[in-house]
Amino acid sequence: MADKIRLPKFLVWLLLRILPEYVDDTALGDFEEEYNHIAADRGRAFANFWLSLNIIKSIPPFIADAIRFRLVMLKNYATITWRNMKRHKTYSFINIAGLAVGLACCLLITLWVLDERSYDRFHENYDRLYRVVVNQPSSGEMRKIVATPPPLGPALKNDFPEIVETTRLSYWGSVPLRAGDKSFNESHMVIVEPSFFSLFTFPFVKGEGAASLSTPNSALISERRAESLFGNEDPIGKVIQVDNRFDYIITGVFRDIPNNTHIRQFDLVLSWSHLDQMEWYESDSWGAFSYRTYVLLGEKASFQDVNQKITKLIQHYSSGSKVEILLEPISDIHLRSHYRLSTGLRGIVYVYIFSAIALFVLLIACVNFMNLTTARSFNRAREIGMRKTIGALRRHVIVQFFGESCFMTLYALGLALALIGLVLPEFNKFTGKQLNFYSICNWQAVIGLMGITLLTGFVAGSYPALYLSSFRPVHVLRKVVQIGKKKSVFRRALVILQFSMSVILIIGTLVVYAQLDYIRNRRIGWERENLISISLSREMRKSFDILKAELLKHPRILGLTATYSEPTNFESSSWGVNWEGKDAEEVVHVTLNLVDYDFLDTLNIEMAEGRSFSKEFSTDATQAFLINETLARMMETESPVGAKFSFIGREGQIIGVMKDFHFHSLRTGIGPLAIALGSDDYWNFALVRIHQENVSSTLEDLNILWKKIFPYSPFTFSFMEEDYERQYRSETRMGKLINVFAGLAVFIACLGLLGLTSFAVEQRRKEIGIRKVLGASAGNILWILGREFVLWVLVANVIGWPIAYFAMSNWLRNFAYRIGVGPEIFVFSSVLTLAVAIVAVAFQSRRAATSNPADSLRYE
Amino acid sequence: MKFLSRPEELVLHAVWQLKEDAYCVPIRKHVSKLTGKGWSFGAIYVPLHRLEKKGLVKSFLDNPIPVRGGRSRRIYKITPHGLKALAEVRELHDSMWAGVPEFSSE
């Protein structure tokens, strides 16, 4: 064997990497021996090839073996965890229930957040889609609106090569719709250009799709509308009548609009040419800000560049205008937009709040776990001492405890999933979403779920693992150290942390609740109770006088008036206002509403000065204005009554000043307002004040009367009070959700406290026994056991207060009308947490305090 | 009776057959010949390790020799337990096939 060859160095290195620990040095020998045989027989090159191949082929058996081996270990951990759980049922229940509730909260919130973030991301070109938004200067501030004038879309496409396509959208309120013998008010109608369906991804299920919109008199409907109108019949080619005068042929059916888009649900689509049939539509008016415009940028176009170029476009086409336009990415609209009809909190704020809550709740649950496990370390110290004596290394113990906490978390995860399945329908009702349990049944979600679980297990197990593994067996077994007593500083800190978070959540909840309550019960300046609103179509407007005369005959109908917009939201506004002594340079944006004579009486709006509209003055119909106090203050005259006033091309004088009332959501303040009498052309709504008794029979009578006057139009109405509440629906929803989650967080924290107290009681049984023998009363014992916890909770309160104060003041700044964060909220939260803590402690200590000392001392 | 996996069974058989000369190189050769396909060393180490943990074989180090780069051989030897297990395997096979007529091509 003179020509002995050594193995190539690289392959040796590789072999050493892959060989498992139980294969010793002799394995290299095996390889080298065989290598030499082969090299002698078939040459070195082949031997090298053989060796490489053999190394590669050796890897799978090693891996398979390693996995099998680990599985055996895991099984062992699972068994031990299970036995431990069974031995200490209360403790395990507290631990797992806490973790499960924490995980369930966290997962639910994650589902919610994911859904919130998915808005408008399903459009194929969503990263190139933008909405045109408008900055309108008005009395010193910028009004941010999304409505644009009709010629803007075509102009954008013509003037800027970066803009590939534009589309315009017009939302319509309720429109009478007739199909065959069915008639009702369609409140989900939009008018769009054909390009709409190429910009946005709303798929078609039947018919020609968007292309047919360019032919006149064609309409598209949604799947659910097709179903409600025509049942199982094929809707294509069917004729519908819109607004009692236009006939349309249905040429396509699109899939129902999903929830996660900023575009409001629509079920009926007419083509843009429908607008041309409207008398009032001016396709080239740069001043009619009523339509949405969307643009699709080219692949290479930069959003910032385009944004800069288009800013002054409207000013360019319409001289004298100071309006600026901007693009806003479509995926930002739902959560981040500042351009909204309602000026409440942006969605992203809620996403942050809820993410924080999810984290808090999970952290509190983790802290529970750490606390209870370390507190119980006393019971397991001997096990660890034993393990170490037989030869376990520290890292084995660490792995064991991590494993244990991961298993507990896994059990908890199972429970959490069951919980979610149980509460998801309720949660959906609560949030108005359509979250689906099965949406988390894909591999990303499973990985994410496992990630969260393992992370939770890791965080929860970290302290116990590191702490318990540090025991010196000789100390533990000889009982030199009282384990679990000395190192309680960390535990104390954890409890304080936990309760601080609970305090923050409680204060947050109280503030949110108080603010919402404040808004709901605030005097808004008009009476919204027992007031119903009926939307009027063109035909009904014409017969309004008959309607009014007929309805007022009814004894329980107290008043009836008509208005251009509903008092919950006066829509139209303009800066074309002038009055005697007005500074010509000053731009004032005034809201306007056109009403019937008895508007103020029906709504119970009080006058501050002057008189209301009256039929006795023939000039009132065309020349009289009423203004609100805010506008009166802006005019800076001694008495505005009698002053000359001109608005929207109407010259006249002010006949009275109304007391300020809210005509927008309370999130914004009261702006300047003028109202004037209108003719029936302008009356979109009839407002009816009914008697508070027998409301349902009044409504029935109304329906009968209605059918007599308008046999072809259904009677549809809404209660103003409900409309009012609806404005705050998102806040109310969020408020409720925050309540629930905060309540859960406090619940979990209390579970932890309960566990800790029971542990403390168990540990001090003998001490209590001796104290009782020496004459301590039950009260004394309670105090001795409880004082420490009470102190912790107090400290937690002090820590939580400033954080909560800071966070909540910030939140309240979003409201124009808001409550102050007063001391009573802090006092209440302290009392609440203290009470809960005391009850938990007392509950556990009671047994110890009333037990017979002989029981606990007889073994000594 | 605890069952052996098929690789374990083959390797145990090889160790028993090879008697004094049972270390990885001939074991691999033996098993490869028996099954008619090439086995990697890795596929031998794993069952060998298992058998040793179960106490069916034991091992000791031989003198180092130059063809192995001066490394020792790890010689495996079947234990009485191993012999018993092998006998049980044989018995199992025999009883499994007892009374079953020969496979015919048809």
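Visitor: What makes A745(A) count as being in contact with residues such as F360(A) and L505(A)?

Guide: In this predicted model, A745(A) is in contact with F360(A), V361(A), I364(A), M501(A), S502(A) and L505(A), leaving aside neighbours within four places in sequence; the word contact applies because two residues qualify when their C-beta atoms, placed from the backbone, lie within 7 Å.

Visitor: Which residues touch the most other members of the largest nonpolar core?

Guide: That core has 95 residues, and those touching the most other members are L103(A), V361(A), I364(A), I507(A) and A745(A). Apart from it lies another core, of 53 residues, which includes A179(A), V192(A), I221(A) and V306(A).

Visitor: How do you know how far helix 14 of chain A falls short of a straight helix?

Guide: Helix 14 of chain A, residues 394-431, would span 56 Å if its 38 residues ran straight at 1.5 Å a residue, whereas its end C-alpha atoms are only 49 Å apart. Helix 14 of chain A also bends by about 50° at V423(A), with a proline, P425(A), following within four residues, and just after the helix G432(A) takes a positive phi of about 70°.

Visitor: What makes up the side of chain B that touches chain A?

Guide: The contact takes 18 residues from chain B and 23 residues from chain A. On the chain B side, the elements giving two or more residues are helix 2 (24-35) and helix 3 (41-54) of chain B, and helix 3 of chain B provides the largest share, 6 residues. By class, that side has 9 nonpolar, 5 polar and 4 charged residues.

Key
Residues numbered from 1 in each chain as written. Chains lettered and ligands numbered in written order. Predicted model: local features only at pLDDT ≥ 70, side-chain atom pairs only at ≥ 80, totals over all residues. Nonpolar A, V, L, I, M, F, W, Y, C, P; charged D, E, K, R; others polar. Expected span 1.5 Å × (residues − 1). Bend = angle between axes of the 7 residues up to and from the residue. Core = buried A, V, L, I, M, F, W, Y, C linked by C-beta atoms within 7 Å. Buried ≥ 20, exposed ≤ 12 C-beta atoms within 10 Å, placed from the backbone.
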